[in-house]
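Hello,

Here is the structure I promised to send over. Please have a look at it first, and then read on for what turned up.

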Amino acid sequence: MDEHASWMRAALAEARHAAAHGDVPVGAIVVDLDTGAIVAAAHNARERDGDATAHAELVALREASRRAGTWRLDHHALVVTLEPCPMCAGGAWAARLPLVVYGAADPKAGAAGSLYNFSADPRLNHRTEVVPGVLAEECAALLGDFFERRR
């Protein structure tokens, strides 16, 4: 879908900022589904901030909630360059997001279909639609290049 690819390009642009301070280049945006406007953008900041929870997704969700004036983001989408981990998938669930779009799959820690499928667990009281693989090659290449330079 062209809209998803457009959103992912914005998340990729954000991801490129993370490497500048030694963080894994993952970027995330939150989109208001009613207007199509990007309401928050963030990138990984664990190394910069010394905070294990400073994943791009959570930083973006915090900003989107602040701007919306509520923790309920039930008319928003999370777009992220790497499949969310369990912590971030839990954040999307807690915010009641109806949609998560991600680029590269994460077979080691992905919780949106690869290792776990948090959003589809029938025991939870909220379901999130997941659209995987949007600009996956570009997202994976950004990560691969980062780790290649670190070796």
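**Aromatic pairs**

There are 2 aromatic pairs in this structure, which is a predicted model. In one of them, Trp-93 and Phe-118 meet edge-to-face, with 6.3 Å from centre to centre and 80° between the planes. Trp-93 belongs to helix α4 and Phe-118 to the loop between β4 and β5 (129–131), so this pair ties together parts that lie 25 residues apart in sequence. Both partners are partly exposed: Trp-93 has a relative accessible area of 24%, and Phe-118 has one of 26%.

Phe-146 and Phe-147 form an edge-to-face pair too, because their ring centres are 5.1 Å apart and their planes stand at 80°. Here the partners fall into separate classes, since Phe-146 is buried at 5% relative accessible area, while Phe-147 counts as partly exposed at 35%.

**Arg-96**

You may like this residue. Arg-96 sits in the loop between α4 (86–94) and β4 (99–104). Where is its charge in relation to Trp-93? Arg-96 lies over the face of that ring, 5.4 Å from the ring centre. Arg-96 is buried but has no salt bridge, and the nearest side chain of opposite charge, that of Asp-74, is 7.7 Å away. A salt bridge would need a nitrogen-to-oxygen distance within 4 Å. Beyond residues up to four places away in sequence, Arg-96 touches Trp-71, Arg-72, Leu-73, Asp-74, Asn-125 and His-126.

**Salt bridges**

How many salt bridges does the model contain? The count comes to 5. Here are some of them.

- Arg-16 and Glu-138 meet at 3.4 Å, N to O. This pair links distant parts of the chain, with Arg-16 in helix α1 and Glu-138 in helix α5 (residues 136–150), 122 residues apart. Arg-16 is partly exposed at 45% relative accessible area, and Glu-138 is also partly exposed, at 37%.
- Arg-66 pairs with Glu-63, their closest N and O atoms being 2.6 Å apart. Both residues lie in helix α3 (residues 56–68), 3 residues apart, or about one turn of the helix. Arg-66 is exposed, with a relative accessible area of 56%, whereas Glu-63 is partly exposed, at 22%.
- Arg-123 and Asp-121 meet at 2.6 Å, N to O. Arg-123 counts as exposed at 74% relative accessibility, but Asp-121 is buried at 18%.

Salt bridges with shared partners also join Glu-63, Arg-66 and Arg-67 into one network.

**Two buried residues**

Is His-4 buried or exposed? At 10% relative accessibility, His-4 counts as buried. His-4 is placed in helix α1 (residues 2–18). Apart from neighbours within four places in sequence, His-4 is in contact with Leu-99, Val-101, Val-131 and Val-134.

Tyr-102 is in strand β4 and is buried, with a relative accessible area of 5%. With neighbours within four places in sequence left aside, the contacts of Tyr-102 include Met-8, Val-80, Leu-82, Glu-83 and Pro-84. Others among them are Ala-112, Ser-114, Val-130, Val-131, Pro-132, Gly-133 and Val-134. Val-131 and Val-134 therefore appear in the contacts of both His-4 and Tyr-102. As for Arg-72, its C-alpha atom is separated by 21 Å from that of Tyr-102, with the two positions 30 residues apart along the chain.

**The chain as a whole**

Finally, the overall picture. The chain has 5 helices and 5 strands, and along the sequence they follow the pattern α-β-β-α-α-β-α-β-β-α. A compact globule of 151 residues would have a radius of gyration near 15 Å, and the 14 Å of this chain agrees with that. The C-alpha trace spans about 45 × 35 × 30 Å along its principal axes.

Of the 151 residues, 48% count as buried. Among contacts in the chain with a separation of 6 or more, 60% are between residues 24 or more positions apart. The bridge between Arg-16 and Glu-138, 122 residues apart, links distant parts of the chain, and the ring pair of Trp-93 and Phe-118 ties together parts 25 residues apart.

Happy browsing, and best wishes

Terms used: Residues numbered from 1 in each chain as written. Predicted model: local features only at pLDDT ≥ 70, side-chain atom pairs only at ≥ 80, totals over all residues. Heavy atoms only, no water. Helix = DSSP H or I, 4+ residues; strand = E, 2+ residues; numbered from the N terminus. Buried < 20%, exposed > 50% of the residue type's maximum accessible area, 1.4 Å probe, protein only. Lys, Arg positive; Asp, Glu negative; His and termini not counted. Contact = heavy atoms within 4.5 Å. Phe/Tyr/Trp six-rings, centres within 6.5 Å; stacked < 30°, edge-to-face > 60°. Lys NZ or Arg CZ within 6 Å of the ring centre and 35° of its normal. Rg over C-alpha atoms; globule rule 2.2 N^0.38 Å.
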